[in-house]
Amino acid sequence: MKSEISNLKFKQPRIYPITDESISGISHAVQVERLIAAGAEVIQLREKFADSRTFFESSVKVLEFARDRGVKIIINDRVDIALAAKADGVHLGQNDLPPEKARDILGKQAIIGFSTHSVGQAVLAMRMPIDYIAIGPIFPTDSKEKADAVVGLKGLREVRDIIHDFPLVAIGGINADNLVSVFEAGADSVAMIGAIVSDPENIDVRMRVFTELALRFC
């Protein structure tokens with residue numbers, strides 16, 4: 001069982017940071033500048049409150065800065081924003097536009113990620129035209145309202161065994177104390193929001209710390 005799309009175009013970052021203005025208190029642009037300064041290669045923009053025009057304009061500004069530095073930008077949820085801003089891809093949730101439709105709109109070269117919250121959802125995702133699967137929350141998290149049930153390291157291992165070498169991103173409640181255990185359980189990449197951007201003045205420091213911990217595991 002394999003996704004219809006090759007995942008070779010998606011270089012899996014060990015640490016996959018996600019910006020959030022409501023958590024960080026600063027703009028996406030400033031968050032991205034600090035993340036790139038610390039070595040981020042792929043960054044996801046997450047915006048749950050701004051209107052579409054504001055998010056679009058913010059995304060365009062970020063993309064201009066990131067492209068000059070060879071960094072890929074993924075838009076959370078919003079296929080329309082990803083298309084209009086010419087982002088590198090989109091990350092979709094269970095209740096967003098179906099990946100097949102997003103692929104039709106964004107084309108073969110776009111990176112499409114898909115959130116799953118159980119082993120069953122991950123199995124179904126393997127039939128979709130996506131480039132990576134995200135599974136979580138691995139641990140309890142405050143970064144998402146009405147968070148799904150915790151998957152745990154056991155669930156992460158089960159998904160890894162089922163999807164084999166397909167790119168797998170773990171998310172939810174991951175921090176310096178449990179990061180290594182998540183990689184040991186089979187994650188290729190770890191997506192982080194609050195653990196990095198909740199301390200806006202030290203975003204670059206936190207990104208470097210988590211990257212160094214991830215590299216030690218490798």
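I15 is buried, with a relative accessible area of 5%; here buried means under 20%, exposed means over 50%, and partly exposed is anything in between, using a 1.4 Å probe and protein chains only. Before we go on, please note that this is a predicted model, in which local features need pLDDT of at least 70, side-chain atom pairs count only at pLDDT 80 or more, and totals for chains, interfaces and linings use all residues. Residues are numbered from 1 along each chain as its sequence is written, and side-chain values use heavy atoms, with hydrogens and water left out.

**Two buried residues**

Let us stay with I15, which lies in strand β1 (residues 15-20). Strands (E, at least two residues) and helices (H or I, at least four) are DSSP runs numbered from the N terminus. Leaving aside neighbours within four places in sequence, I15 is in contact with L179, V190, M192, I196, M207, F210, T211 and A214, where contact means heavy atoms within 4.5 Å. The C-alpha atoms of I15 and D188 are separated by 9.1 Å, although these residues are 173 residues apart along the chain.

S59, found in helix α3 (residues 52-67), is also a buried residue, with a relative accessible area of 0%. If residues up to four places away in sequence are not counted, S59 touches L45, I75, I81 and A85.

**How helix α2 packs**

Two packed helices are described by the angle between their axes and the distance between the axes. The axes are lines fitted to C-alpha atoms, for helices over the stretch in contact, and the angles run from 0 to 180 degrees between N-to-C directions.

Helix α2 (residues 28-37) packs with helix α10 (residues 203-217) at an angle of about 40°, their axes being 8 Å apart. That makes α2 oblique to α10, because angles under 35 degrees count as roughly parallel, over 145 as roughly antiparallel, 65 to 115 as roughly perpendicular, and the rest as oblique. The crossing of α2 with α10 is right-handed, meaning that the near helix is turned clockwise from the far one by less than a right angle, while anticlockwise would be left-handed. On the α2 side, Q31, R34, L35 and A37 meet I203, D204, M207 and R208 of α10. By class, this contact has four nonpolar, one polar and three charged residues. Ala, Val, Leu, Ile, Met, Phe, Trp, Tyr, Cys and Pro count as nonpolar, Asp, Glu, Lys and Arg as charged, and the others, Gly among them, as polar.

With α3, the angle of α2 is about 25° and the axes are 9 Å apart. The two helices are therefore roughly parallel to each other, and their crossing is right-handed. Here H28, A29, V32, E33 and I36 in α2 meet F55, S58, K61, V62, F65 and A66 in α3.

**Salt bridges**

How many salt bridges are there? The count comes to nine, a salt bridge being a side-chain nitrogen of Lys or Arg within 4 Å of a carboxyl oxygen of Asp or Glu. The table shows some of them.

| Pair | Closest N and O atoms |
|---|---|
| R78 and D80 | 2.8 Å |
| D131 and R103 | 3.0 Å |
| R206 and D199 | 3.7 Å |

D131 and R103 link distant parts of the chain, 28 residues apart: D131 sits in the loop between α6 (119-125) and β6 (132-135), and R103 in helix α5 (residues 99-106). D131 is buried at 0% relative accessibility, and R103 is buried at 8%. R78, by contrast, is partly exposed at 23%, and its partner D80 is partly exposed at 42%.
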